[in-house]
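Let's take a look at this protein chain together. Have the sequence and the 3D view open as you read.

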Amino acid sequence: MNGHFATRLLDDNGNWKDQFSVNGNEVTFATIGDASTSEGIFWEAVNAAGVLKIPMAFFVWDDGYGISVPQKYQTTKQNISEILSGFQLDEEGNGIRIYEVKVGTTQR
């Protein structure tokens, strides 16, 4: 469902509606839920970012929520950071940096 709320970015002639760059000084911000990481487009995006060395902050909300089945039935090792470890930045500068952040919960 990662494209469920997508907005068409092309006009009727197939041209981009927006200019995406200001002299190439942007950082891409992406956010996705862990259930959507089971889709191929997620892996394609991560791989492309690593190959092209795109400056991006990619946030995966690895919180166990999804619309179909529990995380244990759709995510290897039930941890996206661990699965992505093969993409980790190496000494030659290939790959991506991976940070795992624990977000606390607030009791009401």
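How much space lies in the largest pocket? About 940 Å³, going by this predicted model.

## Around the pocket

Let's see who lines that space. The lining of the largest pocket counts 27 residues, and the ones closest to the pocket's centre are Phe 58, Phe 59, Val 60, Ser 81 and Tyr 99. Try finding those five in the 3D view.

Three elements each give two or more residues to this lining: helix H1 (40-52), strand S2 (56-61) and helix H2 (80-83). Strand S2 has the largest share, with six residues.

What kinds of residues are these? The lining of the largest pocket splits into 17 nonpolar, six charged and four polar residues.

## The chain as a whole

Now zoom out. The protein chain has two helices and two strands. Start at the N terminus and you'll meet them in the order β-α-β-α.

Here's something about how the chain folds back on itself. Take the contacts between residues at least 6 apart in sequence: 54% of these join residues at least 24 apart.

## Inside and outside

How much of the chain is buried? Of the 108 residues in the protein chain, 15% are buried, meaning that they have under 20% relative accessible area.

As for the outside, the accessible surface of the protein chain is about 8900 Å². Carbon and sulfur atoms account for 52% of that surface.

Conventions. Residues are numbered from 1 along each chain as its sequence is written. This is a predicted model: local features need pLDDT of at least 70, side-chain atom pairs count only at pLDDT 80 or more; totals for chains, interfaces and linings use all residues. Side-chain values use heavy atoms; hydrogens and water are left out. Helices (H or I, at least four residues) and strands (E, at least two) are DSSP runs, numbered from the N terminus. Buried means under 20% relative accessible area, exposed over 50%, partly exposed in between (1.4 Å probe, protein chains only). Contact means heavy atoms within 4.5 Å. Accessible areas come from the Shrake-Rupley method with a 1.4 Å probe; for residues, only the protein chains shown count as cover. On a 1 Å grid over the protein atoms alone, a cavity is a set of points where a 1.4 Å probe fits but cannot get out, and a pocket is an open set with protein on both sides within 12 Å along at least five of seven lines; lining residues have an atom within 4 Å of a point. Grid points are joined across faces, edges and corners, and a volume is the space filled by probe spheres set on the points. Ala, Val, Leu, Ile, Met, Phe, Trp, Tyr, Cys and Pro count as nonpolar, Asp, Glu, Lys and Arg as charged, and the others, Gly among them, as polar.
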